[in-house]
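This report examines one protein structure from its helical elements to its individual side-chain pairs. The sequence and the coordinates should be consulted alongside the text.

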Amino acid sequence: MIKEVEEKAILIEGWARDGLSQQQIADNLGIGLSTLKKYRKKSVAIRAALKKGREVSDYHVENALYKAATGGNVQAMIFWLKNRKPSQWNEKRVRSKRA
């Protein structure tokens with residue numbers, strides 16, 4: 001069965017690129033999530049397809065966030081700065097000491 005799943009690596013990559021969860025990918029393959037995870041550990045092809053698909057979609061989202069932040073979207077700017085420069089932009093809660 002693992003060979004049948006490996007033969008669908010291009011589909012797996014596409015599903016991962018489209019943002020499907022591993023559960024959804026397993027459902028599309030007609031297998032359980034635990035089986036997909038087991039196959040992922042054993043198969044370089046499956047592992048690579050999942051990784052490559054996620055990397056492509058992550059790149060697109062990162063690029064969209066960057067464009068939003070540099071285009072003046074304040075929420076995107078705050079998110080970007082809190083994650084890129086947490087030491088400077090982290091909201092620190094100051095606890096007051098009660099007497």
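The sections below treat helix H2, the nonpolar core, the salt bridges, the loops and a surface patch. The structure is a predicted model, and local features are reported at pLDDT of at least 70, while side-chain atom pairs count only at pLDDT 80 or more.

**Helix H2 and its packing**

Helix H2 spans residues 9–17, and its buried residues are Ala-9, Ile-12, Glu-13, Gly-14, Trp-15 and Ala-16. These buried residues pack against three other helices: H1 (2–6), H3 (22–29) and H5 (44–70). After H2 comes Gly-19, which has a positive phi, near 90°.

Among the buried residues of H2 is a charged one, Glu-13. Glu-13 counts as buried because its relative accessibility is 15%, and the cut-off for burial is under 20%. When neighbours within four places in sequence are left aside, Glu-13 is in contact with Ala-49, Lys-52 and Gly-53. One of these residues, Lys-52, is also its salt-bridge partner, as set out further below.

**The nonpolar core**

The largest nonpolar core has 14 residues, and those touching the most other members are Val-5, Ile-12, Ile-25, Leu-29, Ile-31, Leu-36 and Ile-46. Two or more residues come from each of H2, H3, helix H4 (33–42) and H5. The greatest contribution is that of H2, with 4 residues.

Ile-46 illustrates the surroundings of a core member. Apart from neighbours within four places in sequence, Ile-46 is in contact with Ile-2, Val-5, Glu-6, Ile-12, Leu-36, Tyr-39 and Arg-40. Among these contacts are Val-5, Ile-12 and Leu-36, which are themselves listed with the residues that touch the most other core members.

**Salt bridges**

How many salt bridges does a search of the whole structure find? The search finds 3, and the table gives each pair with its N to O distance.

| Side-chain pair | Distance, N to O |
|---|---|
| Glu-6 and Lys-3 | 3.5 Å |
| Glu-13 and Lys-52 | 3.9 Å |
| Lys-51 and Glu-55 | 3.7 Å |

Glu-6 and Lys-3 both belong to helix H1 and are 3 residues apart, about one turn of the helix. Lys-3 is exposed because its relative accessible area is 57%, and the cut-off for exposure is over 50%.

Lys-51 and Glu-55 likewise both lie in one helix, H5, where they are 4 residues apart, about one turn. An α-helix has 3.6 residues a turn, so residues three or four places apart point the same way. Lys-51 is partly exposed, with a relative accessible area of 47%, and Glu-55 is partly exposed at 45%.

The remaining pair joins two helices. Glu-13 lies in helix H2 and Lys-52 in helix H5, so this salt bridge ties together parts that are 39 residues apart in sequence. Within this pair Glu-13 is buried, with a relative accessible area of 15%, whereas Lys-52 is partly exposed, with 45%.

**Loop residues Ser-43 and Asn-73**

Is Ser-43, in the loop between H4 and H5, buried or exposed? Ser-43 counts as buried because its relative accessibility is 0%. Its side chain makes a polar contact with the side chain of Glu-6 at 2.6 Å. Setting aside neighbours within four places in sequence, Ser-43 is in contact with Ile-2 and Glu-6. Glu-6 therefore takes part both in the salt bridge with Lys-3 and in the polar contact with Ser-43, and Glu-6 is also in contact with Ile-46.

Asn-73 is found in the loop between H5 and H6. At 37% relative accessibility, Asn-73 counts as partly exposed. The side chain of Asn-73 reaches the backbone nitrogen of Gln-75 at 3.0 Å. Asn-73 and Ser-21 are 52 residues apart in sequence, and their C-alpha atoms are 28 Å apart in space.

**A nonpolar surface patch**

Val-74, Met-77 and Ile-78 make a nonpolar surface patch of about 250 Å². Met-77 is found in helix H6, which covers residues 74–84. With 33% relative accessibility, Met-77 counts as partly exposed.

Terms used:
Residues numbered from 1 in each chain as written. Heavy atoms only, no water. Buried < 20%, exposed > 50% of the residue type's maximum accessible area, 1.4 Å probe, protein only. Contact = heavy atoms within 4.5 Å. Patch = residues over 30% accessible without salt bridge, like charges linked within 9 Å, V, L, I, M, F, W, Y side chains within 5 Å. Areas by Shrake-Rupley, 256 points an atom, 1.4 Å probe, with all protein chains shown as cover. Salt bridge = Lys/Arg side-chain N within 4 Å of Asp/Glu carboxyl O. Core = buried A, V, L, I, M, F, W, Y, C linked by side-chain atoms within 4.5 Å. Polar contact = N/O pair within 3.5 Å; in protein donor to acceptor, adjacent residues only side chain to side chain.
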